[in-house]
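Biologist: Could we go through this model together? I should like to begin with how its parts meet.

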Amino acid sequence: MPAWSARSHVTGGRKPVKELFGKLADGTEIHSWSLANGGTRMKVLSYGGIVQSLEVPDRQGRYANISLGFDNIEDYVARSPYFGALIGRYGNRIGKGRFTLDGKTYQVDVNDGENSLHGGAQGFDKRVWDIEPFTKGSDVGLYLYCTSVDGEMGYPGTLKVKVTYTLTKHGDWRIDYEATTDRTTVVNLTSHVYWNLAGEGSGTIENHELKIAASRYTPVDSGLIPTGEPAPVAGTPFDFRRTKAIGEDLREAHQQLLYAKGIDHNWVLDKGISAKPEWIATLKDPSSGRTLRMATTEPGLQFYSGNFLDGTLVGPSGKTYRQGGALCLETQHFPDSPNQPSFPSTVLKPGVTYRSTTVHSFTR
Ligand code: BGC
């Protein structure tokens with residue numbers, strides 16, 4: 001019996017419900033929106049478009065929140081390593097935070113050693129988004145809007161962004177990103193959910209099994225900036241073409257793993273850029289049976305094995321998050337693309353709409 005049919009009794013999308021989550025220091029109210037459809041439940045914050053919780057059942061039908069986060073706004077503002085957040089304008093790193101467009105060099109905010117990470121210190125993860133709920137046919141969801149003005153974090157052009165979070169009747173979570181600009185700029189939007197399919201705070205993800213449809217990855221230097229030449233995964237710890245436990249090769253003394261304290265790399269997806277989302281990865285927790293399948297239009301996938309979680313953050317379960325307590329699978333264009341002419345382009349020109357879609361499907 002397909003996993004979905006066992007869950008069909010919980011199908012039925014209701015209009016998302018809004019409640020107060022907390023206030024920023026300046027008094028701005030941050031709301032939490034609750035959505036449920038097809039057996040998946042999620043809570044989304046107007047701060048950062050953050051997925052504050054995402055719950056799906058295990059093979060016994062028991063629900064767990066499988067995404068790391070906090071139960072209060074203060075922690076999100078003060079110390080979140082992008083838990084559940086929307087990332088922009090540029091997901092991942094730009095070397096030295098510098099790039100040249102149409103002969104002009106731009107310096108964007110440097111917030112990760114000498115590099116820029118995830119759009120700079122005040123990226124989209126720290127913005128308050130305007131949210132509009134919707135129900136459409138059997139779908140329920142949220143439209144999230146934000147405008148980033150010309151020069152914000154150093155990026156050229158006023159960027160208007162619309163992100164759509166949809167929960168389908170099958171319990172799939174779909175993200176559609178759209179953006180337009182009034183000056184030539186670069187854009188690379190993604191979502192930074194930290195997955196632990198056994199439940200947040202429940203331990204390591206090293207037993208999770210992962211498959212990635214990619215024969216190459218982009219090796220990096222010690223600052224995690226790609227060297228520019230994609231390398232084959234064959235014969236390396238980066239080979240996830242066949243399903244493999246994440247912990248299996250994680251302790252190999254491979255130079256790339258040493259640089260990142262584990263895995264923190266971009267996979268060059270075999271399918272390349274696609275007009276429609278195509279399957280790229282499957283993550284499974286054998287103990288609960290919970291399985292996440294991802295499909296995307298993007299050419300790259302950053303797999304980050306939660307290397308920098310160090311036991312200092314406490315999740316809603318009251319448990320601390322330690323190294324490997326979750327992993328991120330960020331669909332995207334490749335890191336440092338603005339400085340890498342051989343990578344697919346992240347340039348957006350006026351009159352063109354940036355579009356990107358990623359679908360997360362859950363089974364058990
Ligand atoms: C990056 C990591 C970074 C993490 C959160 C990931 O997307 O690849 O290097 O530490 O985000 O801070």
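Modeller: A word on terms before the interface: contact here means heavy atoms within 4.5 Å. The model is a predicted one. With that meaning of contact, 33 residues of domain 1 touch 33 residues of domain 2.

Biologist: Where do domain 1 and domain 2 lie in the sequence?

Modeller: The domain assignment places domain 1 at 6-193 and domain 2 at 209-339. Their centres, taken over C-alpha atoms, are separated by 20 Å.

Biologist: How much area do domain 1 and domain 2 bury between them?

Modeller: About 2,300 Å² is buried between the two domains, and 53% of it is on carbon and sulfur atoms.

Biologist: Which elements give two or more residues to the domain 1 side?

Modeller: They are strands S4 (51-57), S5 (63-65), S7 (93-94), S8 (98-101) and S16 (190-192). The largest share comes from S16, with three residues. By type, the residues on that side of domain 1 divide into 15 nonpolar, ten polar and eight charged.

Biologist: And how many salt bridges and polar contacts are found across the interface?

Modeller: The rule finds zero salt bridges between domain 1 and domain 2. It does find 17 residue pairs in polar contact, both residues being at pLDDT 80 or more.

Biologist: Changing topic, what is the secondary structure of the protein?

Modeller: It comes to three helices and 30 strands.

Biologist: How compact is the protein for its length?

Modeller: It is as compact as a globular protein of that length, because its radius of gyration is 19 Å, close to the 21 Å that the globule rule gives for 364 residues. The C-alpha trace spans about 60 × 50 × 40 Å along its principal axes.

Notes
Residues are numbered from 1 along each chain as its sequence is written. This is a predicted model: local features need pLDDT of at least 70, side-chain atom pairs count only at pLDDT 80 or more; totals for chains, interfaces and linings use all residues. Side-chain values use heavy atoms; hydrogens and water are left out. Domain bounds come from an automatic or database domain assignment. Buried area is the accessible area (1.4 Å probe) that two parts lose on being put together, summed over both. A salt bridge is a side-chain nitrogen of Lys or Arg within 4 Å of a carboxyl oxygen of Asp or Glu. A polar contact is a pair of N or O atoms within 3.5 Å; within protein, one must be able to donate a hydrogen and the other to accept it, and residues adjacent in sequence count only if both atoms are side-chain atoms. Helices (H or I, at least four residues) and strands (E, at least two) are DSSP runs, numbered from the N terminus. Ala, Val, Leu, Ile, Met, Phe, Trp, Tyr, Cys and Pro count as nonpolar, Asp, Glu, Lys and Arg as charged, and the others, Gly among them, as polar. The radius of gyration is taken over C-alpha atoms; the globule rule is 2.2 Å times the number of residues to the power 0.38.
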